[in-house]
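User: Hi! I've got a new model open and would love to go through how its parts pack together. Can you walk me through it?

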Amino acid sequence: MIVHTQQPVLEVHDLTVSYSRKPVLWGVDFTLPTGCIAGIVGPNGAGKSTLLKSIMGLIPLSSGYVKLFDRPLEEVRHRVSYVPQRESVDWDFPVSVLDVVLMGRYGKVGLFRNTGTRDSAIALDCLDKVGMSAFAKRQISQLSGGQQQRVFLARALAQEADIYFMDEPFAGVDAATEQAIIKLLREMASANKTIVVVHHDLQSVRAYFDWLILLNMHLVAAGPTDQVFTEEMMQQAYGGRLSLLSQVGDVMEKRAFPSREH
Amino acid sequence: MIAFWIILTGALVAITCGLLGCFLILRKMSMVGDAISHAVLPGIVIAFLLSGSRETLPMLLGAGATGMLATFLIEYFHRRANLQTDAAIGVTFTFLFAVGIILISVFAGKVDLDQDCVLYGEIAYVPIDLWVMDGGIILGPRPVYILSAMLLVVILFIKVGYKELKLTSFDPAFASALGISTALWHYLLMAAVSLTTVSSFESVGAILVIAFLIGPPATAYLLTHDLKHMLAITAVLGIFIAFAGYWMAYWLNASIAGCMAVVTGICFASVFVAQRIAKRKSSPAMPGEAIG
Amino acid sequence: MQNLIDFISFSDPNVRYVVLGNVLLAASAAMVGAFILLQKKALVGDAVSHAVLPGVCAAFLFSGSKNTALMLIGAFVSGWLALITIDYIAAKSKIKKDAAIGLVLSVFFGTGMVMMTYIQQSGNAAQSGLDHFIFGNAATLVGADLVVFSILAAVLLLAVGVFFKAFALVAFDKPYAEALGYPVRRLDLLLTSLTVLAVVTGITAVGVVLMAAMLVTPAAAARYWTDNIRRMVGIAVAFGVFAGLSGAYISYVAPAMPTGPWMVVVSSAIAFFSFFFAPRKGIVPRMYMQRKNQRVIVEENTLKMFYHLGERNSHFDGMRSLDELASTREVNKALLKTALRRLVAKGLLASRDGQWALTDAGHQKAMRVVRLHRLWELYLTKYMDIASDHVHDDAETIEHILTPELERELEHQLGYPDKDPHDTEIPK
């Protein structure tokens with residue numbers, strides 16, 4: 001079941017993504033309305049993070065296209081923010097909390113110029129929003145998991161974007177942080193920002209998201225949470241892998257098959 | 001005066017290498033620095049054969065080219081042939097280095113380079129390699145000028161690209177999402193390392209280049225949590241190592257490059273051990289990791 | 001030619017020493033190197049080979065002469081010390097492993113250089129030959145060295161033989177080996193010791209700087225020819241021995257040529273050849289396979305055109321012109337022409353007066369392709385909820401790779417259907 005919207009903020013059209021020729025996402029096709037908090041949910045290895053990365057242009061697409069605000073990503077990068085998984089970076093890196101948040105301003109500042117006092121003011125303000133202003137000068141190696149996640153969120157806020165893609169922002173954070181983050185996301189959504197979150201905890205799906213994207217190597221369902229979050233749909237998404245799909249993927253990888261005719 | 005020039009040369013090399021090395025170790029690419037410092041050898045020999053002299057420019061070009069060739073080959077074998085990175089590095093640089101050694105043996109008569117100086121360098125001869133103007137005015141050792149120019153280039157490079165270098169090292173995925181090309185900055189950094197290696201190679205040899213690329217930055221990394229401080233400490237350490245290394249060599253009457261490498265090791269070891277002791281003393285009182 | 005005969009006949013005792021020495025060292029290094037490579041420790045091998053230098057020098061300083069046994073012990077101790085230091089630094093501080101390797105490598109080697117210049121200053125006559133350890137000099141090999149090498153090689157061979165299964169398992173899946181109760185830590189230490197031994201065997205002939213290549217390069221090349229670990233070790237040893245012999249031969253023919261670097265160049269050449277041309281894994285065969293697959297796709301798509309045209313009037317064996325074919329879908333006409341020519345050559349098409357028709361075999365083949373395409377479309381709509389107006393593109397490539405087994409499973413899962421999602425018939 002796929003519910004499409006008029007004038008979508010994000011349009012993913014027939015997206016197929018492969019790792020070393022083996023397709024991991026097949027023909028994903030959905031749209032998102034403005035101002036929603038959308039969850040991407042599915043079993044391990046369903047391709048949730050892959051979907052996010054391919055929307056952000058970090059992985060080449062085998063086929064299909066992605067449009068944001070009805071434009072290709074290149075033209076609207078300044079309106080798009082990405083929060084990678086917390087584990088993807090080295091937290092021993094010698095930078096302070098404020099430095100990390102300021103990185104969110106780099107896209108706006110451009111090449112060869114440094115961040116100015118206005119950028120610092122924005123960064124501090126964003127840190128305040130996630131309740132971390134007391135930690136601005138702190139080294140990132142001294143943060144707990146929840147604090148690291150808040151810093152990443154502040155960095156995304158500093159981008160002043162209109163759509164936010166977050167990869168597992170609730171993974172390994174404490175309950176207080178999780179509540180603080182979801183409160184913030186709701187505020188953002190009511191300011192007409194769109195937020196897409198990769199999530200793995202089914203318990204909180206109904207409470208957190210108003211739109212749901214159900215993934216298991218292909219798109220199982222996409223639409224308003226109350227329509228998608230049904231036993232039947234969850235059974236489809238979590239009821240085992242599509243063995244034929246992975247077999248075909250294996251054959252493609254082994255025989256070095258191109259994904260296009262030319 | 002001789003001591004002054006040698007120490008100055010050593011310090012210039014140490015600072016230049018160290019500044020770039022900071023980014024190498026933060027990118028977990030120290031061994032690529034090692035590979036480049038070996039791989040420039042055939043480039044130097046070929047440039048020498050073609051130009052017939054020790055002119056700086058052909059040397060820089062030749063060695064810069066083989067240095068970049070090494071980075072490219074490592075990437076190519078890794079991506080196209082699915083060769084694991086460590087093996088790609090190991091195979092590529094030993095091959096290029098072996099080619100360099102063979103070229104030296106083949107053209108032994110024509111090339112004013114010998115095998116040993118490749119590893120040790122000839123820092124002791126730096127004060128002799130003078131730059132004499134047409135009017136007979138002696139401006140001082142030639143390598144000092146070249147290395148100073150190189151240091152300026154590197155400082156400029158880091159100053160201009162500081163924020164991009166920092167971001168692409170810390171979080172490449174986020175950098176790409178902002179539209180900053182991680183590949184471009186990777187190759188710019190590698191080019192800078194190649195050029196630095198070449199200009200330092202003649203004076204201090206391959207081994208000291210590696211020691212300077214990794215030693216001072218690794219020591220500074222233990223001492224600070226701030227990238228700017230890390231760069232500054234690296235520079236100060238570089239000067240200290242040049243001093244101490246020279247006096248140690250003078251005192252032992254041994255290889256200057258070797259002694260500088262040993263001092264680099266001693267610096268790292270003392271900081272490392274001091275921190276271990278400090279940690280062991282304080283650890284029973286350390287509270288558990290804060291939550292929230 | 002005479003050179004080669006002289007070389008093979010072993011008439012010159014020096015040749016005999018060099019050849020045997022090279023073979024022993026290359027074989028031992030490649031054998032251990034295979035496991036180092038599989039454990040992804042290629043650069044650790046580099047560090048160890050550099051790090052034996054201070055040990056060798058210390059042994060010399062201690063004994064005042066070139067005592068092979070003592071030097072081996074010295075090399076062994078400093079190689080070991082280097083490895084432990086690397087592990088300790090990486091485990092106990094935020095310094096990452098790569099930086100630890102580079103640091104230890106350069107500092108140990110620098111220490112060796114200091115000791116070496118110190119020895120040279122001391123003017124000890126016996127020091128001649130010590131500096132050969134850096135770049136190696138096979139010509140200095142003597143009978144006594146060979147005895148030591150043979151013993152070392154025998155020890156290595158025995159150890160690898162006895163612990164082969166354990167090493168293979170640890171290299172493949174360390175946590176699993178641990179769970180099975182293998183003493184993983186001790187096995188690692190043993191492999192480390194063997195690495196140091198192999199390096200020690202090599203330094204006289206190849207030198208410490210290039211010894212890493214003799215460990216890793218033959219193994220990296222061998223990896224491209226087999227997936228079987230036993231065979232891989234065998235191939236690595238064969239490559240290493242060939243490189244060793246070539247190095248010895250080249251420096252026999254041209255005495256100015258250094259043996260060690262030539263061994264490295266020859267084994268690198270083997271490795272580069274393997275990266276490019278090894279069947280299945282090499283770059284060129286993979287590209288070739290991709291090209292071949294692409295041709296298959298174009299050919300099968302062309303057959304499909306005939307079938308689609310035939311479906312319009314149930315006249316499957318009619319003659320078709322180029323324009324008629326091109327009208328069914330967007331195609332590059334030049335590409336289409338070559339595909340037609342190849343299909344004629346394969347007997348799947350018959351051509352007359354610039355027109356083409358399916359042969360019986362061609363008809364069968366075209367039917368199968370169309371069938372697979374429609375089955376896959378049905379699978380996509382039924383199991384993957386892809387809208388029926390989207391499935392066509394997705395099915396385009398899959399139909400060309402479905403094997404008969406997959407076809408049967410597909411049919412079974414779909415309940416042997418007759419119609420595709422666009423309600424057209426699925427041919428049987």
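Analyst: Happy to; we can go through the chain contacts, some helix pairs and the layout of chain C. One thing to keep in mind is that this is a predicted model.

User: Good to know. Let's start with chains B and C: how many residues of each are in contact?

Analyst: That contact involves 49 residues of chain B and 46 residues of chain C.

User: Which helices of chain B supply the side that touches chain C?

Analyst: Six helices of chain B each supply at least two residues there: H2 (30-51), H3 (56-80), H4 (85-106), H5 (115-120), H8 (182-223) and H10 (256-282). H4(B) gives the most, with 13 residues.

User: And what's the mix of residue classes on that side of chain B?

Analyst: The side of chain B that touches chain C has 31 nonpolar, 13 polar and five charged residues.

User: OK, now the other partner. How many residues does the contact between chain B and chain A take from each?

Analyst: Chain B gives 22 residues and chain A gives 23 residues. On the chain B side, helix H6 (142-170), helix H7 (172-177) and helix H9 (227-252) each supply at least two residues. By class, that side of chain B has 13 nonpolar, five polar and four charged residues.

User: H6(B) caught my eye. At what angle do H1(B) and H6(B) pack?

Analyst: Helix H1 (residues 2-26) of chain B packs against H6(B) at an angle of about 15 degrees, and their axes are 10 Å apart. Angles under 35 degrees count as roughly parallel, so H1(B) is roughly parallel to H6(B). H1(B) passes H6(B) in a left-handed crossing.

User: Which residues meet there?

Analyst: From H1(B), the residues include Trp5(B), Leu8(B), Leu12(B), Leu19(B) and Phe23(B), and among their partners in H6(B) are Pro143(B), Leu147(B), Met150(B), Leu151(B) and Ile158(B). The contact of H1(B) with H6(B) has 17 nonpolar, four polar and no charged residues.

User: Nice. Switching to chain C: how is it divided into domains?

Analyst: Chain C has domain 1 (2-213) and domain 2 (286-414). The C-alpha centres of these two domains of chain C lie 59 Å apart.

User: Where does UniProt put the transmembrane regions of chain C?

Analyst: The unreviewed UniProt entry annotates residues 17-38, 43-63, 69-90, 99-119, 151-172, 192-221, 233-254 and 260-279 of chain C as "transmembrane region". In the model, residues 233-254 of chain C are 95% helix and 0% strand, with their end C-alpha atoms 31 Å apart. Residues 260-279 of chain C are 90% helix and 0% strand, and the end C-alpha atoms there lie 29 Å apart.

User: What about H2(C) and H7(C), how do they pack?

Analyst: Helix H2 (residues 13-38) of chain C and helix H7 (residues 143-162) of chain C pack at about 25 degrees, with their axes 10 Å apart. That makes H2(C) roughly parallel to H7(C). H2(C) passes H7(C) in a left-handed crossing. Among the contact residues are Tyr17(C), Leu24(C) and Met31(C) of H2(C), along with Asp145(C), Phe149(C) and Leu156(C) of H7(C). By class, the contact of H2(C) with H7(C) has 13 nonpolar, four polar and one charged residues.

User: Last one: at what angle do the axes of H14(C) and H16(C) cross?

Analyst: Helix H14 (residues 283-313) of chain C and helix H16 (residues 333-345) of chain C cross at roughly 85 degrees, and their axes come within 9 Å. That makes H14(C) roughly perpendicular to H16(C). Val298(C), Glu299(C), Thr302(C) and Leu303(C) of H14(C) make the contact with residues of H16(C) including Leu336(C), Ala339(C) and Arg342(C). The residues of this contact of H14(C) with H16(C) divide into seven nonpolar, one polar and two charged.

Technical notes: Residues numbered from 1 in each chain as written. Chains lettered and ligands numbered in written order. Predicted model: local features only at pLDDT ≥ 70, side-chain atom pairs only at ≥ 80, totals over all residues. Axes fitted to C-alpha atoms, helices over the stretch in contact; angles between N-to-C directions. Helix = DSSP H or I, 4+ residues; strand = E, 2+ residues; numbered from the N terminus. Parallel < 35°, antiparallel > 145°, perpendicular 65-115°, else oblique. Left-handed = near helix turned anticlockwise from the far one by under 90°. Contact = placed C-beta atoms within 7 Å. Nonpolar A, V, L, I, M, F, W, Y, C, P; charged D, E, K, R; others polar. Domains from an automatic or database assignment. UniProt positions renumbered as here; feature names shortened; annotations may be inferred.
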